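Here is a guided walk through one structure. Keep the sequence and the 3D view open as you read.

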Amino acid sequence: MTPPVLEIDGLTTSFETRQGRVEVVSNVSFAIPQGESVAVVGESGSGKSVTALSIMGLLEGNGTVSKGSIRLRGRELVGLSNKEYRLIRGRNIGMIFQDPTTCLDPVYPIGHQISQALRIHKDLSKAQARARTVELLTMVGIPDPVSRLKSYQHELSGGQRQRVMIAIALACGPELLIADEPTTALDVTVQAQILGLLQKAQEETGAALLLITHDLAVVAEMAKRVVVMYAGQVVEEGLVDEVLNQPRHPYTAALLRSVLSPDMSRDEPLHIIEGTVPGAHDMPGGCRFNPRCEHAFDTCLTEAPGLHDCGSGHRSRCWLAQRGERLEVSV
Ligand SMILES: Nc1ncnc2c1ncn2[C@@H]1O[C@H](COP(=O)(O)OP(=O)(O)OP(=O)(O)O)[C@@H](O)[C@H]1O
Ligand SMILES: [Mg+2]
C-alpha cells in the first residue's frame with residue numbers, strides 16, 4: 001500500500017523562551033492521503049501555524065520538533081538538514097501564506113521569481129521556464145500574463161499577489177500543498193475566487209491539501225476531513241460532515257455556535273466562547289478546555305482525557321465522549 005502523502009505522528013514542538021522551554025504543539029497526529037484535503041481549525045494561538053511550520057522545516061531558531069515524526073510519502077522529515085529541506089520545499093511541498101509579501105521578493109519581477117523556482121527544481125532552460133511561467137500565470141487567472149511577467153509585487157492587487165503565490169506553490173507539481181489562512185486578508189468575493197482556484201488546482205494536480213483556517217464555512221466548502229486544535233492539542237478529528245453536524249467535543253460545538261447562521265435574526269447575539277486559549281505557562285490541569293467548558297465536571301479538572309474513538313475515525317478528546325454522551329448542537 002502506498003503511504004499517505006503526509007503522516008504526522010505524535011508531533012510535539014517546543015520553543016526556548018526567556019521564561020524557559022514551552023511546548024506549544026503537543027502530541028499531534030493526523031494523515032492526508034493523496035488527493036485529499038484536511039482542514040485544521042482552532043482559535044488564535046491554538047498551534048495551527050506552528051504545526052505547519054514544523055512540517056515545512058521553517059520553525060524560528062528558538063523552536064524544535066522535540067518529539068514525533070513527520071513523514072512525506074513515508075520519508076522522515078524530522079532531522080533533515082536545511083539543505084535537504086530546501087530541496088523538498090518547492091519541489092515536494094508548495095506553500096501559500098496569509099501574507100504574500102513574506103514569500104514574494106520585492107526586488108525581482110514576478111515572472112523571474114516563478115522561472116527561478118522552475119529552473120532550480122526542474123532543470124528547465126530559460127525559454128522553457130518562461131513558457132511554463134506564462135502557463136502557470138494563465139492557470140491562476142492573471143490577466144495578460146505575458147506583460148505581467150515584468151511586474152513587481154507592489155504593482156499587483158492583494159488578490160493577484162495571492163494568485164502569484166499559488167502559481168509559485170504549484171510550479172514544480174508538489175505532492176502536498178500547505179495553505180495557512182490563504183484568504184484571511186482578502187475581501188469576500190476575492191476570497192471565494194482564490195479558494196475556488198485552490199480547489200481546482202488541487203483537483204487537477206492530485207496534490208494533498210493541508211488548509212489552515214479559523215473559518216468553519218471554509219472548512220465545510222473545502223475539506224473532507226477536519227482536525228480541531230485547542231491549546232496545542234488535537235481535540236477532535238473526523239469527516240467534515242460528521243464533525244460539523246454532530247460534534248463530540250464541547251469546544252467544536254462552541255465554535256459552531258459562534259458562527260453566524262444565515263437564518264439568525266440581526267439582533268440575536270453571537271455566541272462567544274468566554275475566556276481565551278491558555279498559554280503554555282498557564283495550562284490548566286486535567287482537560288485543557290475545562291476552564292471554558294460549560295459541561296466540565298470533577299474528572300475534567302484533574303484528569304487529562306485521551307483521544308476517544310467515537311467510530312468511523314471520528315475522535316474526541318473529551319470525557320463526555322468517552323461516556324458515550326452526545327452534545328446539543330442547536331445553533
Ligand atoms: N518563536 C516562538 N517563540 C515562542 N512562542 C511561540 C513562537 N512562535 C509561536 N509561539 C507560540 O505558539 C503558540 C501557537 O502559535 P501559532 O502561531 O501556531 O497559533 P495559530 O493557531 O496559528 O494562531 P493564529 O490563528 O493567530 O494564526 C502561541 O501561543 C504562540 O505565542
Ligand atoms: Mg497562524
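**Two sheets, one helix and a ligand**

Start with a pair of strands, β6 and β7 (residues 176-180). They pair in the parallel sense, over four bridges. One position to look for in this pairing is I96, which stands opposite A179 in β7. This is a predicted model, so treat every value here as computed from that prediction.

Next comes the packing on this part of the structure. Helix α7 (residues 188-205) packs on the sheet and touches β3, β6, β7 and β8. The direction of α7 makes about 155 degrees with that of β8.

Now widen the view to the whole sheet. It is open and has eight strands. Read across, the order is β6-β7-β8-β3-β9-β10-β12-β11. The pairing in this sheet is mixed. Which strands stand at the edges? They are β6 (93-96) and β11 (308-309). Each has a single partner strand, so one side of each is left without a neighbour in the sheet.

A second helix also meets this sheet. Helix α1 lies across β3 (37-41), β6, β7, β8 (208-212) and β9 (225-230). It runs at about 150 degrees to β7.

Follow α1 to another set of strands. α1 also lies across β1, β2 and β4. Here α1 runs at about 105 degrees to β1. So α1 is a useful landmark, with strands of the eight-stranded sheet on its list of partners and strands of a four-stranded sheet there too.

Take that four-stranded sheet next. It is open, with the order β2-β1-β4-β5 and antiparallel pairing. The edge strands are β2 (20-32) and β5, and each pairs on one side only.

Look closer at the pairing of β1 and β4. Strand β4 covers residues 63-72, and it pairs with β1 in the antiparallel sense over eight bridges. Two positions help to trace this pairing. T13 stands opposite V65 in β4. L6 stands opposite L72 in β4.

On its other side, β4 meets β5 (residues 75-76). These strands pair in the antiparallel sense over two bridges. R71 stands opposite E76 in β5. β4 and β5 form a hairpin, with two residues between the strands. In this hairpin, R73 takes a positive phi near 50 degrees.

Finally, turn to the ligand. How many residues surround ligand 1? There are 13, and the closest are S44, G45, K48, S49 and V50. By class, the shell has three nonpolar, seven polar and three charged residues.

Three side chains show polar atoms facing the ligand. For S44, a side-chain N or O atom is 2.5 Å from an oxygen atom of ligand 1. For K48, a side-chain N or O atom is 2.8 Å from an oxygen atom of ligand 1. For N62, a polar side-chain atom lies 3.0 Å from a nitrogen atom of ligand 1. On its own, ligand 1 has 640 Å² of accessible area, and the protein covers 66% of this.

Two elements give two or more residues to the shell: β1 (6-17) and α1 (48-56). The largest share comes from α1, with three residues. The helix that lies across β1, β2 and β4 thus returns here, beside the ligand.

Technical notes: Residues are numbered from 1 along each chain as its sequence is written. Chains are lettered from A and ligands numbered from 1 in the order in which they are written. This is a predicted model: local features need pLDDT of at least 70, side-chain atom pairs count only at pLDDT 80 or more; totals for chains, interfaces and linings use all residues. Side-chain values use heavy atoms; hydrogens and water are left out. A residue is near a molecule or strand if one of its heavy atoms lies within 4 Å of it. A polar contact is a pair of N or O atoms within 3.5 Å; within protein, one must be able to donate a hydrogen and the other to accept it, and residues adjacent in sequence count only if both atoms are side-chain atoms. Accessible areas come from the Shrake-Rupley method with a 1.4 Å probe; for residues, only the protein chains shown count as cover. Ala, Val, Leu, Ile, Met, Phe, Trp, Tyr, Cys and Pro count as nonpolar, Asp, Glu, Lys and Arg as charged, and the others, Gly among them, as polar. Two strands pair if DSSP finds at least two bridges between them. Contact means heavy atoms within 4.5 Å. Axes are lines fitted to C-alpha atoms, for helices over the stretch in contact, and angles run from 0 to 180 degrees between N-to-C directions.
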